[in-house]
Amino acid sequence: MAMQESPAFARLVRDVVRDFGDTQIIWQIVALVVALAAAFVLRRWMIGRLDRHFDRVAPSRRAGSSSLRRAFFPMFGWMCVALTRVVLQEHTRVSLLMLAEVPLFGTALIYLAFYFARRLFATSPHASGLLKVFERVFTTLAWLTMIAYVLGVHDDILKWMGSVRFAVGASHLTLLSILSGLLWVGVTLMLAMWVGSLIEDRIMRTTTLDGNLKVVLSRTVKGLLTLIAVLVTLSFVGIDITVLGVFGGALGVGLGFGLQKIASNLVSGFIILLDRSVRIGDLITVSPYHGTVSQINTRYTVVRGLDGVEALVPNEQLVTNVVQNHSFTETRGRAKVNVQVAYSADVELAMSLMLKAAQDIPRVLADPPPSALLLNFGADGMDLEMGFWVQDPAQGSGAIRSEINLRIWRTFREHGIEIPYAQREIRILNDWPDGIPSHHVNQPDPSSASARRALPPEDDGVKTTS
């Protein structure tokens, strides 16, 4: 492969080498240092404003801030150096400034691309690995392109890639067309997904639409934009889109056989979103999981338990199985506390004290009011139950029940109401007033295990009753 030096780069290097033999290079070095110092000051000022702005926005909108911070210095450096070059080029040579603009501009462009990529995938929890791969590939390609341009071999590389041909059906593709097509597809996909994210953010902030309808609309918009971007880009680079019919047929066969469950979960996900049987934020029970629906994704639904553990439930299971939706028509939840009082206690006073214990608790609803019931008469006391309603059952009711139980315990002690504990009575029969019978003489200690095994049941002499 013939290597010829890039004319533009050769001119820059030749001018810099020429200027190094002249005293004017000192003024260029001073101007470059001053321009970079100004860029550093502008960077610190902009980072301060950026930090104050990020303190007022949600964490999800801070994605890519690290890449943006790194882009400030080369971006301001390129701008300051370019402005300095324009001012000084009428009075002195500026070859060093022109050479410095190239790496500054390329570095700023790379970091800005990373920033937009991180903002694009900020809402996806699974995109961190993809972003790392994208950044490495983009950085490598960008620097290789710059090196190829500097060395002057970019034209030869493009000619060689154009000479490598592939036959796909009736179409003939070259390596250059394939790589350019992939590049343009990647760029248009990024733009389409960025526009889709903007539309999704606008839809999600709308208060007049149902939550499930927002998810359906955002996913539909993203899917349509992605499809349009791919088809338009392939046609733009000269690839016949009818070739995709072969891949579409293969995909259909795959969905029919190997991807049957995935397709079922995909369709089930859209059914759930459209019929609104399960919404984001609903408290549901789908055996054996109980919790709040935090996400409805393409393949699965995330159910966050009251203990914070998340379960990934396939969408098909939510369609084909019985699902208890505690928030389907009633967003409130009912909880209860149980207590037992002694038979000597004033049961009506105890029930009124239980109702008083549920008052003035923020999460306990006053309408419908709490209610106390006498359930049954137990072996050790009377069983009482108080039921109450809470507005946010997904947050759990353990803390509320604990607070009410503490209040009941304190008020019962103040009013002398006894909470009984289990008692058992032991009665000893056959008292033997004349002493121990003769057949028990010289026998082992009746309390020992061996003696209990030796004595027959009818001679045990002890009877226990409740």
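**Stop 1: Thr301 and its surroundings**

Select Thr301 and Asn315 together: in this predicted model, their side chains make a polar contact of 2.7 Å. Thr301 sits in strand E5, which covers residues 300-305. Is Thr301 buried or exposed? Its relative accessibility is 0%, and because buried means under 20%, Thr301 counts as buried.

Now show what Thr301 touches, leaving out residues up to four places away in sequence. You should have Val293, Gln295, Ile296, Ala311, Leu312, Val313, Asn315 and Leu318 on screen.

**Stop 2: the sheet around E5**

Switch to a cartoon view and colour the strands. Strand E5 belongs to an open sheet of 5 strands, ordered E6-E5-E4-E3-E7, with antiparallel pairing. Which strands stand at the edges? They are E6 (310-314) and E7 (324-325); each has a single partner strand, so one side of each is left without a neighbour in the sheet.

Move to the E7 edge and select strand E3, residues 283-286, as well. E3 and E7 pair in the antiparallel sense over 2 bridges. To look at one residue pair here, pick Ile284, whose bridge partner in E7 is Asn325.

**Stop 3: a salt bridge at Arg304**

Return to residues 300-305, strand E5, and then select Arg304 and Glu310. These two form a salt bridge, with the closest N and O atoms 2.5 Å apart. Arg304 has 38% relative accessibility and counts as partly exposed. Glu310, at 40%, is also partly exposed.

**Stop 4: two more salt bridges**

How many salt bridges does a search of the whole structure find? It finds 5, and two further ones are worth a look here.

Select Arg85 and Glu101, where the closest N and O atoms of the salt bridge are 2.4 Å apart. Arg85 lies in helix H3 and Glu101 in helix H4 (residues 95-120), so the pair ties together parts that are 16 residues apart in sequence. Glu101 counts as buried, at 12% relative accessibility.

Next, select Glu385 and Lys336. Their salt bridge has its closest N and O atoms 3.7 Å apart. This pair links distant parts of the chain: Glu385 is in strand E10 (residues 382-390) and Lys336 in strand E8, 49 residues apart. Buried or exposed: what is Glu385? With 9% relative accessibility, Glu385 is buried, whereas Lys336 is partly exposed, with a relative accessible area of 44%.

**Stop 5: aromatic pairs**

Hide the charged side chains and display the aromatic rings. A pair of aromatic rings is described by the distance of the centres and the angle of the planes, so those are the two values to set up in your viewer. The structure holds 3 aromatic pairs. In one of them, Phe72 and Phe76, the ring centres are 5.9 Å apart and the planes are at 25°, so the pair is stacked.

Both Phe72 and Phe76 are in helix H3 (residues 65-88), 4 residues apart, which is about one turn of the helix. Phe72 is buried at 5% relative accessibility, and Phe76 is buried at 11%.

Now jump to Tyr343 and Phe377, another stacked aromatic pair, with 6.4 Å from centre to centre and 15° between the planes. Where do these two residues lie? Tyr343 is in the loop between strand E8 (333-341) and helix H12 (347-357), and Phe377 is in strand E9 (residues 371-377), so the pair ties together parts that are 34 residues apart in sequence. Turn on a surface to look at the accessibility of each: Tyr343 is partly exposed, with a relative accessible area of 44%, while Phe377 counts as exposed at 58%.

**Stop 6: Gly396**

For the last stop, select Gly396, in the loop between E10 and helix H13 (398-414). Gly396 counts as buried, with 12% relative accessibility. Show its contacts, again setting aside residues up to four places away in sequence, and you will find Leu306 and Arg363. Finally, add Gly333 and draw a C-alpha to C-alpha distance from Gly396: the two glycines are 9.5 Å apart in space and 63 residues apart in sequence.

Conventions. Residues are numbered from 1 along each chain as its sequence is written. This is a predicted model: local features need pLDDT of at least 70, side-chain atom pairs count only at pLDDT 80 or more; totals for chains, interfaces and linings use all residues. Side-chain values use heavy atoms; hydrogens and water are left out. Two strands pair if DSSP finds at least two bridges between them. Buried means under 20% relative accessible area, exposed over 50%, partly exposed in between (1.4 Å probe, protein chains only). A polar contact is a pair of N or O atoms within 3.5 Å; within protein, one must be able to donate a hydrogen and the other to accept it, and residues adjacent in sequence count only if both atoms are side-chain atoms. Contact means heavy atoms within 4.5 Å. Rings of Phe, Tyr and Trp (its six-membered ring) pair if their centres lie within 6.5 Å; planes under 30 degrees apart count as stacked, over 60 as edge-to-face and the rest as tilted. A salt bridge is a side-chain nitrogen of Lys or Arg within 4 Å of a carboxyl oxygen of Asp or Glu.
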